[in-house]
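Thank you all for coming. I would like to walk you through one model today, and I will give the cut-offs as the terms come up.

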Amino acid sequence: MKNYVLIPAIMFSLFSCNQNSDKSAEKNLTGDSQQLENLETCYEAVHGQDSVKLSVIYSAGNITGSLLYNNPQSSNSSTGTFTGTKSGDTLKLLSRTATGGNISFNEIYLLSKSGKLYEGIGEVEKINDSTTVFAEPSKVDFTKSFVFSKVECNF
């Protein structure tokens, strides 16, 4: 009779321990994904003498970051920030860029493919004096502009 009472007690103990370890594993996975989600990833693209550096942070489904356009032929480098979202494999961003005292807002599409980002280009339209967006987002071409590779974040 003692064996009949002991066996369910042991089974209950094992089941309880297993549930607690499952919850611990769940918490670790959640913590790890949150940690990965808030990591900063940096990219750089060089086209001729022009270069662009990006710092991208993914957080709660949103994307934020900064950018630096460097054109040695011009005395004006551009710096800016951006916000946006990821739709499939495309980052859809709105940048705020300051160049020589002028501030502009521009839509930027970046295709994420094989660890690189490919800048999209296409026909744009002005919404107002300082904002441009893609006229036909479905016709953005990702093959003719900057290709960004991952680099150390040191800018």
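I will go from the overall fold to the aromatic pairs and then to the internal cavity.

Please keep in mind that this is a predicted model, in which local features need pLDDT of at least 70 and side-chain atom pairs count only at pLDDT 80 or more, while totals for chains, interfaces and linings use all residues. Residues are numbered from 1 along each chain as its sequence is written, and side-chain values use heavy atoms, with hydrogens and water left out.

The protein has one helix and 10 strands, where helices (H or I, at least four residues) and strands (E, at least two) are DSSP runs numbered from the N terminus. Read from the N terminus, the order is α-β-β-β-β-β-β-β-β-β-β. Of the 155 residues, 24% are buried, where buried means under 20% relative accessible area, computed with a 1.4 Å probe and protein chains only. Taking contacts (heavy atoms within 4.5 Å) with a separation of 6 or more, 35% of them join residues 24 or more positions apart.

Turning to the aromatic rings, the structure holds two aromatic pairs; rings of Phe, Tyr and Trp (its six-membered ring) pair if their centres lie within 6.5 Å, and planes under 30 degrees apart count as stacked, over 60 as edge-to-face and the rest as tilted. One pair is Y109 with F134, a tilted arrangement at 4.9 Å centre to centre and 55° between the planes. Because Y109 sits in strand β6 (residues 102–113) and F134 in strand β9 (residues 131–134), this pair ties together parts that are 25 residues apart in sequence. Both Y109 and F134 are buried. F146 and F148 also form a pair, with centres 6.1 Å apart and planes at 40°, so this one is tilted as well. F146 is buried at a relative accessible area of 12%, and F148 is buried too, at 3%.

Where, then, is space left inside? The search of the whole structure finds one cavity of 30 Å³ or more, a cavity being a set of points on a 1 Å grid over the protein atoms alone where a 1.4 Å probe fits but cannot get out. The largest cavity has a volume of about 60 Å³, that is, the space filled by probe spheres set on the points, which are joined across faces, edges and corners. Its lining, meaning residues with an atom within 4 Å of a point, includes V52, L67, I108, E119 and F148. The elements that give two or more residues to this lining are β2 (50–59), β3 (62–70) and β6.

Conventions
Buried < 20%, exposed > 50% of the residue type's maximum accessible area, 1.4 Å probe, protein only. 1 Å grid on protein atoms, 1.4 Å probe; cavity = no way out; pocket = protein on both sides within 12 Å on 5 of 7 lines; lining within 4 Å.
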